[in-house]
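Here are my notes for anyone opening this one for the first time. Have the structure on screen as you go through the points.

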Amino acid sequence: MALDKESLFYMSADQLDDVKPLREVYDLTGKVAVVTGTVGLALHVIHRLAEMGAKVVCAGRGEEWGNLTVSTMKEKGYEVSFCKTDVSKVEDCYALVDFAEKTYSTVDIVVPTAATWSARAFVDMKQEELMKCLNVDLVGQYFTVQAAARSMIKGRNGGKIVTISSVAYRGDDQPKMAMMTAYNAAKGGVVGMTKGIAKEMKQYGINVNCVAPGGMLTPGALDNLAGPAALYGQEWSDAVTENGHVTPVCSTPDEVALMIAAMCTSVSDFMYGQVIEVCGGSELSFQEKPWSYTMEGGIPGLQQK
């Protein structure tokens with residue numbers, strides 16, 4: 001029997017009574033999050049998750065930055081702890097999650113933000129440089145997530161895993177320069193890894209998705225530019241500066257952190273293995289002036305028809 005329009009309408013309207021209010025969607029009170037990294041994007045992710053009520057364990061190799069992160073967050077009234085961690089070492093990844101469990105009893109969220117890269121001509125890349133990039137950007141994420149996933153499975157409360165790739169996964173790198181094959185490979189691997197993990201973790205109520213940032217001005221990015229500048233000289237630095245305007249750059253890493261934080265909430269409850277690019281439309285060629293023959297001022301000197 002066909003339903004009338006009013007009945008069809010209330011099929012939707014009645015569901016509104018069961019919709020969680022947005023203030024609850026973005027409330028992470030009682031959740032425990034593990035974030036690798038302490039500056040740049042990581043610091044903004046830590047800030048947003050803590051602001052939403054989560055207790056956050058941050059991790060990094062440098063105690064100075066870690067302690068500064070904790071003190072900065074505590075000044076804002078947030079609960080954040082630091083665990084000295086080298087994510088390129090599997091035992092450190094597991095020690096990080098063990099620290100979170102001992103400190104807060106559980107792990108509900110993991111965001112492996114720590115990353116590195118080195119601009120090198122493909123023919124110049126040395127094995128140790130390649131392995132450093134892969135061990136931090138891919139292997140480090142793999143085992144941080146693995147350790148956190150084991151904790152989530154034991155806890156039987158589901159969880160949120162947000163891996164961090166980059167638009168480099170689709171081949172984007174320095175305009176007219178390239179020289180980022182190791183980073184391309186590592187971040188491409190993160191995308192494939194995310195999809196694989198997502199297929200296994202769904203049965204445990206764990207959502208696994210990926211955020212791929214574009215250009216960001218961070219302490220890490222500035223530091224990573226120093227190495228190739230020393231190797232390739234002033235001409236390389238000048239070329240990077242000259243062509244850098246082509247890449248959209250976030251005004252602040254918070255523009256990416258907002259999406260990451262959202263993916264740590266029930267916003268992602270029906271999402272599995274997805275890659276969300278937050279890159280200012282870096283893959284698009286934007287129109288820079290109006291070209292309309294129907295709108296006044298669309299084409300200078302052309303009469304509106």
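1. Start with the second largest pocket, which comes to a volume of about 240 Å³. Keep in mind that this is a predicted model. The pocket has 13 lining residues, and those nearest its centre are Tyr142, Gln146, Ile197, Glu200 and Met201. Two helices, α6 (127-155) and α7 (181-201), are the elements that give two or more residues to this lining. Helix α6 supplies the largest share, with six residues.

2. What is the lining of the second largest pocket made of, by class? It has eight nonpolar residues, along with three polar and two charged ones.

3. Next, have a look at the largest nonpolar core, which has 32 residues. If you want to find its best-connected members, pick out Leu49, Val56, Val80, Val111 and Ile260, which have the most contacts inside it. Helix α3, residues 41-51, gives the most to this core, namely six residues. Another core lies apart from it and has 25 residues, including Val97, Met152, Ala198 and Cys210.

4. Val111 is a handy residue to click on. Which residues does Val111 touch, once neighbours within four places in sequence are left aside? The contacts are Val34, Val35, Thr36, Val45, Leu49, Val162, Ile164, Ile260 and Cys264. Two of those partners, Leu49 and Ile260, are also listed with Val111 among the residues with the most contacts inside the largest nonpolar core.

5. Now for the cysteines. How many disulfides does the structure hold? The count is zero. Take Cys83: the closest cysteine sulfur is in Cys58, 9.1 Å away, so the two are too far apart for a bond. A disulfide needs the sulfur atoms within 2.5 Å. Cys83 is buried, with 11% relative accessibility.

6. Cys250 tells a similar story. Why does Cys250 form no bond with the closest cysteine sulfur? That sulfur belongs to Cys279 and sits 8.8 Å from the one in Cys250, which is too far. Cys250 also counts as buried, at 15% relative accessibility.

7. Last, the overall picture. The protein has 305 residues, and 44% of them are buried. Its secondary structure adds up to 10 helices and seven strands. Along the principal axes, the C-alpha atoms fill a box of roughly 70 × 70 × 40 Å. Of the contacts with a separation of 6 or more, 71% are between residues 24 or more positions apart.

Conventions: Residues are numbered from 1 along each chain as its sequence is written. This is a predicted model: local features need pLDDT of at least 70, side-chain atom pairs count only at pLDDT 80 or more; totals for chains, interfaces and linings use all residues. Side-chain values use heavy atoms; hydrogens and water are left out. Buried means under 20% relative accessible area, exposed over 50%, partly exposed in between (1.4 Å probe, protein chains only). On a 1 Å grid over the protein atoms alone, a cavity is a set of points where a 1.4 Å probe fits but cannot get out, and a pocket is an open set with protein on both sides within 12 Å along at least five of seven lines; lining residues have an atom within 4 Å of a point. Grid points are joined across faces, edges and corners, and a volume is the space filled by probe spheres set on the points. Helices (H or I, at least four residues) and strands (E, at least two) are DSSP runs, numbered from the N terminus. Ala, Val, Leu, Ile, Met, Phe, Trp, Tyr, Cys and Pro count as nonpolar, Asp, Glu, Lys and Arg as charged, and the others, Gly among them, as polar. A nonpolar core is a set of buried Ala, Val, Leu, Ile, Met, Phe, Trp, Tyr and Cys residues joined through side-chain atoms within 4.5 Å. Contact means heavy atoms within 4.5 Å.
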